[in-house]
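The following paragraphs lead through the interior of a protein model, taking the enclosed space and the nonpolar packing in turn.

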Amino acid sequence: MNGLRSLFLSAACLLALTLAAQPAEFRPGEEWPDTNGEHINAHGGAVLFHEGVYYWYGENRPDRGFTTEVGVEVYSSTDLYRWKDEGVALAVSAEEGSPIEKGCIMERPKVVYNPKTRQFVMLFHLELKGRGYEAARVGFAVSDSPTGPFRFLRSLRPNAGRWPVEFKRADVRCAEKQNPADYKDWWTPEWRTAIEKGMFTARDRKGGQMSRDMTVYVDDDGKAYHIFSSEDNLTLHLAELTDDFLDYTGRYTRIAPGGQNEAPTVFKRNGMYWLITSGCTGWAPNQARMFCAPSLWGPWKQLPSPFEGEGAERTFGGQGTYVLKVPGHTDGFVFMADVWNPSHLRRSRHIWLPIAFRADGTPFIPWRDRWTLEDLK
Ligand code: DGJ
């Protein structure tokens with residue numbers, strides 16, 4: 001009995017020491033150890049706040065290679081600084097031919113809670129095993145508990161058979177007239193015009209729109225939206241989800257046609273919607289872009305990158321993944337980004353930075369070596 005007691009006491013001391021060793025501050029771009037001392041392996045992720053606990057979901061990446069060998073990892077925290085690894089929220093399947101077979105690619109998972117169904121719903125970018133990035137699908141999974149296990153439901157390409165809400169009859173006719181075979185060369189002025197007019201929207205309408213980098217945004221009225229890079233990563237789509245968050249209503253809009261935006265992150269402040277994205281340069285960082293709109297349905301206006309100071313032209317080496325609204329702060333918005341390390345994806349670092357606002361409401365994000373939640377308004 002005494003032996004058991006001292007074992008328990010030493011384990012408790014070890015945990016207390018580990019927690020004490022973890023700083024109660026954010027150190028953007030540095031290694032971020034979890035409560036076991038392992039660098040947090042949750043990439044392209046997002047944070048959900050539920051009943052007093054934060055859950056950080058992200059890609060569990062192997063040290064070598066680009067495919068998904070484990071699944072989506074989830075961590076929990078009560079203070080946003082110290083994270084406990086809760087294990088695999090959504091596991092890959094061992095079954096041959098499963099859409100989520102080990103060796104597929106699961107990216108950018110986002111989890112939202114649906115109060116009507118009391119389910120946690122996960123959407124993620126899914127690429128099928130052995131097919132590179134050509135499948136361009138979205139996966140849906142659900143769980144009754146925030147830490148999972150999530151049950152994979154299905155994968156699809158959104159909005160098959162639908163046109164964007166802004167397309168009038170003449171726009172549909174014009175999009176249908178554009179034929180990709182007529183444009184051997186991409187990036188010519190004629191090709192750009194055809195893309196803007198919806199040549200690829202029309203091309204993919206039957207089977208559904210391509211869906212790669214993505215986020216999910218739940219508005220104040222409880223409606224959820226899937227925002228994703230579509231049309232060969234040329235154009236963002238914002239699509240309304242059904243009340244259970246498990247399907248599409250068929251209403252969607254195109255954002256910045258032909259603008260090549262990836263890594264969308266969305267937040268709302270004082271009635272204005274903000275969208276921060278990246279360009280498309282694979283794993284290499286590039287300059288972020290920013291858009292704003294009075295409604296999710298637009299019109300979206302492009303503004304300069306919100307990042308400021310040295311390294312801002314490459315988003316401080318990071319690529320956005322989520323904007324977290326921190327509860328209890330009127331102006332507490334945190335921009336989360338990944339510093340991709342393609343040689344060792346597992347070791348990719350995390351950049352979390354507070355978003356500041358100018359007097360006219362425009363967001364800006366300067367670099368900080370260290371910061372705490374006290375710095376939020
Ligand atoms: C950039 C995307 O944002 C990432 O999620 C990942 O898909 C890489 N491209 C792959 O090159």
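In this predicted model, strand β14 supplies 3 residues to the lining of the largest cavity, the largest share of any element. Two elements, β14 (272-278) and β18 (319-325), each give two or more residues to that lining. The full set of lining residues is Ile276, Thr277, Ser278, Ala288, Thr315, Gly318, Gln319, Gly320 and Phe335. By class, the lining residues comprise 3 nonpolar and 6 polar, with no charged residue. The space in the largest cavity amounts to about 40 Å³, and the count of cavities of 30 Å³ or more is 1.

The discussion now turns to the nonpolar packing. The largest nonpolar core contains 40 residues, and those with the most contacts inside it are Val47, Trp56, Leu80, Trp83 and Trp352. At least two residues of this core come from each of β1 (43-50), β2 (53-60), β14, β15 (289-293), β18, β19 (333-339) and β20 (349-354). Strand β19 makes the greatest contribution to this core, at 5 residues. Both β14 and β18 thus appear in the lining of the largest cavity and among the strands that supply the largest core.

Which residues does Val47 contact, its neighbours within four places in sequence being left aside? The partners of Val47 are Tyr54, Tyr55, Trp56, Leu80, Trp83, Tyr322, Leu324, Met336 and Trp352. Of these, Trp56, Leu80, Trp83 and Trp352 are also named with Val47 as having the most contacts inside the largest core.

Apart from the largest core lies another core, of 20 residues, including Leu90, Ile100, Cys104 and Met106.

Notes. Residues numbered from 1 in each chain as written. Predicted model: local features only at pLDDT ≥ 70, side-chain atom pairs only at ≥ 80, totals over all residues. Heavy atoms only, no water. 1 Å grid on protein atoms, 1.4 Å probe; cavity = no way out; pocket = protein on both sides within 12 Å on 5 of 7 lines; lining within 4 Å. Points joined across faces, edges and corners; volume = space filled by probe spheres on them. Helix = DSSP H or I, 4+ residues; strand = E, 2+ residues; numbered from the N terminus. Nonpolar A, V, L, I, M, F, W, Y, C, P; charged D, E, K, R; others polar. Core = buried A, V, L, I, M, F, W, Y, C linked by side-chain atoms within 4.5 Å. Buried < 20%, exposed > 50% of the residue type's maximum accessible area, 1.4 Å probe, protein only. Contact = heavy atoms within 4.5 Å.
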